[in-house]
Amino acid sequence: MMAGRKRKMLALTVAGAAPEQAVNKRKNQTESTLIVPPAKLENKCEIAPSTETERSHYFTDNDLQHKFGEGFFNQPCIRLAKALLGKVLVRRCADGTELRGRIVETEAYLGGDDKASHSAGGKRTERNTAMFMKPGTIYVYPIYGIYLCMNVSSEGEGAAVLLRSLEPLQGQPVMRQLRAARRKEGARQLKDKELCNGPSKLCQALNIPRYFDRRDLASDPEVWLEKDLNTNLAEPYNIVSAPRIGIESHGEWAKKPWRFYLRGHPCVSVVNKEAERQSLSGNVMNNLGPSDVQSDARQHKVKRT
């Protein structure tokens, strides 16, 4: 009888301890996930647990049908640069978190005669190979040795569109941590409109790595383009055409109005007041001149690899 009582008491003790052990185990697991080193954030887009669901109210589970296939990208470079405005770039992280940003600014680089393009004169290199691949191929290249820029190939030999700025739509806490990991310690917290308002900033905020180069934006499981069903911001009368940025050394090619952005949008990297005035008055800055149309037409007649 004594032995039986001891076994019963032991069983009760173990049963009583189980909830406490489970609580401690959950506590330890939670604490371990709350401390995420910057390197891990940068590599995997991970973030501490949050009560906010990142597959948010903004989008539904039916969004897969709204992804753009390769047919969308198979259009002349200048036309694609405009068509991309208002579309949503999506980055799915290793933990399943999805980051979304609406494209609000682009630049067209036609290759061929376009002296400001990496593929000017039809020059192919190891770096710019993606520009000669099928429309929708991602072209990621480094600048200043430390930053990255993301482009998407279009119709035309060596033609691609640079993504310059996004409006953050989903996953801002993750974006903010990814940006903070590349900034000085103690720097002020970025506003939402500052997270992706530049080509290198959007690559940091969405964790677009160098190895995404030559991937297919129409079929890749980690990054894709989809429709935005919640806005008509990119109507033609809202698009401003302005000279491209950072190519001043390329003479007349620096003046081509092949940068396109949504008028009045707070996430545009650089506003060009003169271009906006001319576009409102119906001048050429908002419409391609004959030579520009011919350049784009010549490019898209060339068969891509």
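Both Y139 and Y141 are buried, where buried denotes under 20% relative accessible area, exposed over 50% and partly exposed the range in between, computed with a 1.4 Å probe on protein chains only. The structure is a predicted model, in which local features need pLDDT of at least 70 and side-chain atom pairs count only at pLDDT 80 or more, whereas totals for chains, interfaces and linings use all residues. Residues are numbered from 1 along each chain as its sequence is written, and side-chain values use heavy atoms, with hydrogens and water left out.

Aromatic pairs were assigned to rings of Phe, Tyr and Trp (for Trp, the six-membered ring) with centres within 6.5 Å, planes under 30 degrees apart being called stacked, those over 60 edge-to-face and the rest tilted. By this rule there are five aromatic pairs. In one of them, F72 and F73 meet edge-to-face, with 5.2 Å from centre to centre and 85° between the planes. F72 is buried, its relative accessible area being 15%, and F73 is likewise counted as buried, at 0%. The pair of Y139 and Y141 is tilted, because the ring centres lie 5.2 Å apart and the planes stand at 40°. Ring pairs also join F68, F72 and F73 into a cluster.

Two lysines have their charged ends over tryptophan rings (NZ of Lys or CZ of Arg within 6 Å of the ring centre and within 35 degrees of the ring normal). K67 sits over the ring of W224, 3.8 Å from its centre, and K256 over that of W253, at 5.2 Å from the centre.

Y141 also belongs to the lining of the largest pocket, which comprises 25 residues, with Y109, Y141, I143, L162 and I245 nearest the centre. A pocket is here an open set of points on a 1 Å grid over the protein atoms alone, with protein on both sides within 12 Å along at least five of seven lines, and lining residues have an atom within 4 Å of a point. This pocket holds about 430 Å³ of space, the volume being that filled by probe spheres set on the points. The lining divides into 15 nonpolar, seven polar and three charged residues. Strand 5 (160–170) is among the strands that supply at least two lining residues each, and gives the most, with four.

No disulfide (a pair of cysteine sulfur atoms within 2.5 Å) is found in the whole structure. The sulfur of C149 lies 6.1 Å from the closest cysteine sulfur, that of C203, and is therefore too far for a bond. C149 is buried, at 3% relative accessible area.

Note on methods:
On a 1 Å grid over the protein atoms alone, a cavity is a set of points where a 1.4 Å probe fits but cannot get out, and a pocket is an open set with protein on both sides within 12 Å along at least five of seven lines; lining residues have an atom within 4 Å of a point. Ala, Val, Leu, Ile, Met, Phe, Trp, Tyr, Cys and Pro count as nonpolar, Asp, Glu, Lys and Arg as charged, and the others, Gly among them, as polar.
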